[in-house]
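Student: Could you pick one part of this structure and go over it closely with me? I'd like to hear how the strands pair up and what sits around them.

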Amino acid sequence: MIYNVAVIGAGQAGLAMGYYLKQTRLSFVILDKGSEIGESWKERYDSLKLFTPRSYSSLPGLSLEGEQNIYPTKNEISDYLIHYTNTFSLPIQLNTTITKLAKVDERFKLSTNQGEYQSKNVIIATGPFQQPYIPNFSKHLSGEVLQLHSSEYKNSSQLIKGTTVIVGGGNSGAQIAVELSHEGEVFLSVGHRMTFLPQDIGNKSIFWWFDKLGIYKANVTAMPVLMTRGPNFTMLQSSTQKQLINKSFQLLSLLYQIYLLKQIFSITLLCYPSLNWKKRLPRWKTLCFG
Ligand SMILES: Cc1cc2nc3c(=O)[nH]c(=O)nc-3n(C[C@H](O)[C@H](O)[C@H](O)COP(=O)(O)OP(=O)(O)OC[C@H]3O[C@@H](n4cnc5c(N)ncnc54)[C@H](O)[C@@H]3O)c2cc1C
């Protein structure tokens, strides 16, 4: 059979594609090397909680169930992806690894471990996290040091007792560092000064604020400022876009400070309703911040 569309990868992107393709008359198939849907989430570390709340983790057409401000676990997501696939009866072939993609005449030939597929169009949705990046210096470390990439890390029982150094302070690195800090000494090694933003401001996820400030739906040319990693990265966005994004981050930071002050005021007001505020405020502010 020659499909109109072959989608490679049945992660979030591939499944969302499937949802939209299902609404057309096009014949299509989604191919994935995994043995089950949601496998890449299942394989991640045990304690993984998403940094996006449910309201910002759902795919088109089907919301994650439950309180929308809650941060889902990795298992919730893998279950949700299975539920999503079943709800929309998406045509998925698992255990199918694409090893070669070639255009022959006006068609694409997809060579896989399960034989060949043919399609007029191909959508590649193989994801950004298939190949772990391990820096070169790791080869020069003593054999006594246990080295694990975050994709291999499940929980602290894998580690040798003693100090742990986490290289890289992205979401995985920071979350694993917090987890391990409850059990022993942990250092987080990063190549640049880190900016920490709160996860929530005033009971709203930071993603809600990003959404309202227009950062969340940044267009393609604005993306590099959010993803400036690696020595070969070319900055594509205009300085106006950069300024706008920077301004939005500044505004968020300001909002957070206002929120903190508001919290401090309301707590202090609650505890000491009869204080003479004009005289006492500076002293209490310092105490609370400390
Ligand atoms: C630790 C961690 C925490 C994260 N937390 C969040 C979060 O809180 N919120 C959030 O929005 N995002 C989070 N992400 C990012 C999120 O996982 C990705 O953005 C998202 O999964 C990308 O979806 P995708 O469909 O593009 O790729 P994937 O989900 O990676 O799917 C790609 C699919 O392609 C398949 N595939 C790859 N190569 C082949 C091949 N040759 N043949 C056949 N199939 C193939 C894979 O088996 C896989 O199923 C996190 C990522 C990590 C690593």
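Tutor: Let's fix one term before anything else: two strands pair if DSSP finds at least two bridges between them. Also keep in mind that this is a predicted model. Overall, the chain contains eight helices and 10 strands, and 16% of its 290 residues count as buried. Among contacts between residues at least 6 apart in sequence, 52% join residues at least 24 apart.

Now the sheet. Six strands make up an open sheet with mixed pairing, in the order E3-E2-E1-E6-E5-E4. The edge positions go to E3 and E4, which have a single partner strand each, so one side of each has no neighbour in the sheet. As a general reminder, strands of a sheet pair through backbone hydrogen bonds, in either the parallel or the antiparallel sense.

Let's start with the parallel pairing. E1 and E2 run parallel and are joined by four bridges. To put a finger on this pairing, take Ile 8: its bridge partner in E2 is Leu 31. Helix H1 packs on the sheet here, touching E1, E2 and E6, with its direction at about 150° to that of E1.

H1 deserves a pause. Its buried residues are Gln 12, Gly 14, Leu 15, Met 17, Gly 18 and Leu 21. The elements covering them include strands E1 (2-8), E2 (28-31) and E6 (115-124), along with helix H3 (74-87). Not everything in H1 is tucked in, though. Tyr 20 also belongs to this helix, yet it has 11 other C-beta atoms within 10 Å; since exposed stands for 12 or fewer such neighbours, Tyr 20 counts as exposed. Tyr 20 also comes to 9.3 Å from Gly 61, C-alpha to C-alpha, although 41 residues separate the two in sequence.

The same neighbourhood feeds the nonpolar core. The largest one has 22 residues, and those touching the most other members are Ala 6, Val 29, Ile 30, Leu 31 and Leu 81. E1, H1, E2 and H3 each put at least two residues into this core. Leu 31 is a name you've met already, as the bridge partner of Ile 8. Leu 81 reaches over to Leu 15, Ile 37 and Gly 38, leaving aside residues up to four places away in sequence. Leu 15, in turn, is one of the buried residues of H1. In soluble globular proteins generally, nonpolar side chains tend to be buried together.

On to the antiparallel strands. E5 and E6 run antiparallel, with five bridges between them. Ser 111 stands opposite Glu 116 in E6, and the two strands form a hairpin, joined through two residues. E4 and E5 are antiparallel as well, this time over six bridges, and Val 104 sits across from Arg 107 in E5.

E4 and E5 also make a hairpin with two residues between them, and Asp 105 in the turn has a positive phi of about 55°. Most residues other than glycine have a negative phi, and that makes such a value worth a look. Asp 105 is in the loop between E4 and E5 (107-112). With 6 C-beta neighbours inside 10 Å, Asp 105 is exposed.

There's a second case before E4. Asn 95, again not a glycine, has a positive phi of about 55°. Asn 95 is in the loop that runs between E3 (92-93) and E4 (98-104). Asn 95 has 13 other C-beta atoms within 10 Å, which puts it in the partly exposed class.

Last, the ligand, which brings us back to H1. Its shell holds 27 residues, of which Gly 9, Gly 11, Ala 13, Leu 50 and Gly 127 are the closest. The elements that contribute two or more residues to that shell are H1 (12-22) and H4 (171-181). H1 gives the largest share, three residues. By class, the shell splits into 14 polar, 10 nonpolar and three charged residues.

To tie it up: H1 packs on the sheet against E1, E2 and E6, supplies at least two residues of the largest nonpolar core, and gives the ligand shell its largest share.

Methods:
Residues are numbered from 1 along each chain as its sequence is written. This is a predicted model: local features need pLDDT of at least 70, side-chain atom pairs count only at pLDDT 80 or more; totals for chains, interfaces and linings use all residues. A residue is buried if 20 or more other C-beta atoms lie within 10 Å of its own, exposed if 12 or fewer, and partly exposed in between; C-beta atoms are placed from the backbone. A residue is near a molecule or strand if its C-beta atom, placed from the backbone, lies within 6 Å of it. Ala, Val, Leu, Ile, Met, Phe, Trp, Tyr, Cys and Pro count as nonpolar, Asp, Glu, Lys and Arg as charged, and the others, Gly among them, as polar. Two residues are in contact if their C-beta atoms, placed from the backbone, lie within 7 Å. Axes are lines fitted to C-alpha atoms, for helices over the stretch in contact, and angles run from 0 to 180 degrees between N-to-C directions. A nonpolar core is a set of buried Ala, Val, Leu, Ile, Met, Phe, Trp, Tyr and Cys residues joined through C-beta atoms within 7 Å.
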